Structure formats: structure tokens, C-alpha cells
Amino acid sequence: MSVKYALLALLSWRPSTTYQLRKDFDTWTGQTWPLNIGQVSTTLQRLERDGLVVREAGAVDDPAAPEPWRLTDQGRAELAAWWRSPVSRATRGRDELVIKLALAAVVPGVDVAALIQRQRAATQRTLHDLTRLRRGLDVTDLSARLVLSNHIYAAEAELRWLDEVEETVTRAKLQTGKAPKPASSTTADNLVRSAR
Amino acid sequence: MSTHQHTSHAGQAAPILQLRRASRIHGDGPRQVRALVDADLVLRPGEFVAIMGPSGSGKSTLLHLAGGLDVPTSGQVLVDGIDLAGLTVTQRTLLRRRAIGYVFQDFNLLPALTAAENVAFPLELDGWSVRRARQAALAVLAETGVAELADRFPEDMSGGQAQRVAIARALVGPRRLLLADEPTGALDSVTGTEILQVLRDRADRGAAVLMVTHEARFAAWADRTIFLRDGRIIDETGPSDPAELLTGGAG
């Protein structure tokens with residue numbers, strides 16, 4: 001998740017203080033990716049160093065008030081380029097669950113069925129939480145609704161994938177009478193690549 | 001095995017439904033099929049429980065036992081504290097009609113009756129006057145958001161509308177236990193979500209809802225999800241405690 005671009009996007013809406021940016025981020029993302037104030041502050045310092053944001057002069061009637069941040073022209077250009085670019089799946093990092101199950105299916109001594117059920121219960125619990133959060137939102141909370149909807153689809157997809165993994169492993173055991181053999185190096189490479 | 005016990009708003013009101021080590025075994029010897037084994041379940045007013053599991057895991061058997069459509073080969077099923085095994089067939093039929101409502105995947109509305117007549121029908125079977133039964137039917141149709149369909153026939157309704165009428169029929173009169181078997185199975189995703197909102201609303205108003213579904217997203221509307229496998233309840237989960245929410249990042 002790019003905190004950098006999220007902050008640039010929020011600042012394109014209006015100049016804002018560090019504290020307000022953190023608050024807006026939490027509100028607009030349905031509070032599903034909580035940011036601490038240190039993350040926001042550090043990111044803003046990097047953006048300032050790179051010339052993408054600057055501090056505005058403090059309020060005349062309250063010199064002690066924190067100076068709000070605002071976008072520079074360079075920052076606007078950077079943000080515009082981000083809006084224009086699709087997000088690549090390849091840059092989203094490795095998925096620990098994919099790697100864990102790919103290994104569990106071939107490493108001896110792992111109770112794959114129990115592992116899958118524990119994960120299924122945990123992901124279903126997340127789905128309960130997300131559904132409850134979404135039910136509590138007002139219809140006007142558009143950004144938060146979209147973010148939560150994305151989490152719900154992702155959790156649901158993971159549950160379907162777990163069903164398929166369970167069925168695949170069960171069938172493989174039925175066919176061979178024992179746990180599947182480790183995949184060939186090519187297959188293993190593909191598995192890890194797909195987990196990126 | 002992780003078991004999450006969710007403390008629902010239903011508190012500790014007397015259970016509407018209880019399964020105590022309920023088993024249903026068909027046949028004997030090598031052909032024996034253990035459809036349900038030692039199932040324990042407590043459902044209280046205001047609670048909404050979802051049952052998930054692969055085909056043949058015992059979901060329908062559990063629902064049939066809960067609704068008195070079948071009897072356990074061992075263990076007990078109690079509705080409003082009454083052990084169904086101690087009832088005659090006639091008494092069980094009467095209890096089913098007065099205490100339990102069913103919602104099916106294909107709605108099962110009588111095509112020759114209007115929505116209001118469908119909903120009033122079980123009350124009339126129970127001896128209510130036509131007028132009083134219609135009044136009760138209109139009230140519950142309004143509660144499920146389809147008051148304007150009262151005089152419409154099932155063939156003139158959408159799937160979502162028909163299912164709302166079916167839910168009204170399941171809960172009309174004194175009945176507070178709703179058993180739903182894949183209630184969204186014949187509906188698109190958006191309409192399915194609307195039906196879940198109705199079921200959730202009914203539970204929040206005090207009904208007890210037990211729903212079989214294979215859709216995780218719909219099970220997530222319940223207070224608890226129970227997982228069945230090979231006839232056994234193997235796991236249970238529900239929402240996090242409110243204090244845990246938002247602290248770990250849900251995504």
C-alpha cells in the first residue's frame with residue numbers, strides 16, 4: 001500500500017496538517033489500514049525532501065498552530081502520473097499464505113487439512129468483521145464502502161481458493177496413497193512467482 | 001482447533017432450539033451412513049447462525065432435525081424446551097406449524113395464492129379467522145418490505161420479492177425460529193445481499209435464524225458460522241470482539 005500517493009491524493013483535495021491527514025486517511029479507507037502518526041510524519045518528510053510537498057505559512061491569528069502541508073507543482077505532476085498508471089500485481093509483494101500452503105502440501109509431517117481449516121475459520125472471521133463494519137456505514141461513505149467491498153471480495157476469494165487447495169490435496173493423496181511429492185523445480189518456481 | 005465463542009446480543013435468554021449430541025445414522029453394517037454425529041447446538045432469540053460445509057457434510061440433515069422433519073437416531077432436539085422425540089406425529093406437526101418457519105432456495109410459494117394469502121395460510125390452518133390471519137400477514141409483509149405486493153401472485157414477483165414473501169410466511173404469527181436452506185441460492189448477488197439484510201433485521205428484532213449456505217459472504221452476516229465436515233461440527237467462528245477490531249488491520 002502506497003502511503004506516499006495516498007497522502008499526495010489527500011493534499012490535492014486540500015492543504016492539511018499531519019494529524020488531519022492521518023485522520024482523513026483512516027476515514028476514507030474505512031479504518032481498515034490504520035496508519036500511525038509516525039508513518040505519516042516520516043512519509044511527509046520524504047515528500048518534502050523530494051520537493052513534492054511544502055509547508056504553508058502558519059495562520060496569522062494563531063502562530064502556534066501547526067503549519068498545513070500543500071502540494072507543489074511537482075507533487076501534482078507525480079500524482080497525475082499515478083492516477084494514469086494501472087497498479088501491477090507483480091509489485092504487491094509475496095503472499096505468505098500462498099507460500100505457506102504450497103510448502104505445506106509437499107513438506108512431510110504437516111497436517112494440511114487442519115492448517116486449511118484454521119485459516120478458513122480465521123478468514124471467515126475477518127469476513128464477519130468486514131461485513132459488520134460495512135453494515136455500519138452510511139450510504140454516503142463511498143470511499144470506505146469501496147475499500148471494505150474490496151476486502152470482502154479478497155477474503156471471499158481466499159476462502160474459495162482454500163476450498164480448491166483442500167480438494168486438490170485430498171485428491172492427490174487419494175491417487176498416490178500418500179502426500180504429494182515436491183513439485184519439480186519449474187513448477188515450484190511458478191508457484192513462488194504466482195505468490196509475488 | 002480454534003473455537004470462537006461469540007457473545008451475541010441475545011444474551012442468555014432461554015434457547016429456542018437445542019441439539020444435544022444429536023446423531024442421524026441411516027442403515028447399518030457396511031452400508032451405514034453417518035449423516036450427522038453428536039451435534040451440539042444452542043440457538044437463542046435474536047441469534048443468527050450460519051452453517052457451512054461441503055456437499056454431504058450434514059448441513060441439510062442438521063436443518064431437517066432442527067425443524068422436526070426428521071428425528072435423530074440418538075441424542076435430543078428441543079424446540080422451546082420441548083423434546084421432539086416425546087411428541088406424537090400430530091403433536092410434532094402442530095409444533096412445527098406454530099413454532100418453526102422455513103425458507104427454501106426456490107421460495108415454495110403456492111402459485112394459486114396471493115402474497116398475503118400465502119403468508120396467512122399457516123395461520124388459517126391453525127384455526128385463525130381469515131380476517132385476523134390477513135391482518136397478521138399484512139403486518140409481517142410490511143416488516144419485510146413488500147407490503148405493496150400483498151395482492152400479487154408469485155408469478156408476478158421477482159426472485160427477491162418472492163423470497164421476502166417466503167420469509168414473511170416463515171415468521172408470521174407466533175413463530176420465532178426461522179430455518180433457511182440456501183435462501184440466496186436462486187438469487188443474484190445484490191438481491192441475495194438484500195435478503196440477508198432482511199434475515200439480519202429479523203434476528204435483530206428477536207427471531208432466531210439458522211441458515212445453511214455455501215456462500216461465505218452471506219454466512220458473514222450471521223453472529224456465528226459453524227463448519228460441518230463428514231457429519232461433525234468441526235469448527236465455529238464469528239466476529240472479533242469489538243475491542244480487537246481496527247487494531248490489527250483487517251486487510
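Why does A:Q20 count as partly exposed? In this predicted model, A:Q20 has 16 C-beta neighbours inside 10 Å, so A:Q20 lands in the partly exposed class. A residue would need 20 or more such neighbours to be buried, and 12 or fewer to be exposed. If you want to find A:Q20 in the structure, look in helix α2 of chain A, which covers residues 18-28. From there you can hop to A:D50, which is 30 residues away from A:Q20 in sequence. In space, the two are 22 Å apart, going from C-alpha to C-alpha.

Now step back to chain A and its domains. The domain assignment splits off domain 1, residues 3-85, and domain 2, residues 93-195. Where they touch, four residues of domain 1 of chain A are in contact with six residues of domain 2 of chain A. On the domain 1 side of that meeting place, you'll find three polar residues, one nonpolar residue and no charged ones.

Next, the nonpolar cores. The largest one has 84 residues, and the members that touch the most others are B:V119, B:L141, B:V165, B:L178, B:L199, B:V209 and B:L210. Even so, the element giving the most to this core belongs to chain A: helix α7, residues 142-176, with eight residues. Another core, of 14 residues, lies apart from it, and its members include A:A6, A:L8, A:L11 and A:L21.

Let's zoom in on B:L178. Setting aside its neighbours within four places in sequence, B:L178 is in contact with B:G101 and B:V103, with B:A170 and B:L171, and also with B:R202, B:A207, B:A208 and B:V209. One of those partners, B:V209, also appeared among the core members that touch the most others.

Definitions and conventions:
Residues numbered from 1 in each chain as written. Chains lettered and ligands numbered in written order. Predicted model: local features only at pLDDT ≥ 70, side-chain atom pairs only at ≥ 80, totals over all residues. Core = buried A, V, L, I, M, F, W, Y, C linked by C-beta atoms within 7 Å. Helix = DSSP H or I, 4+ residues; strand = E, 2+ residues; numbered from the N terminus. Contact = placed C-beta atoms within 7 Å. Domains from an automatic or database assignment. Nonpolar A, V, L, I, M, F, W, Y, C, P; charged D, E, K, R; others polar.
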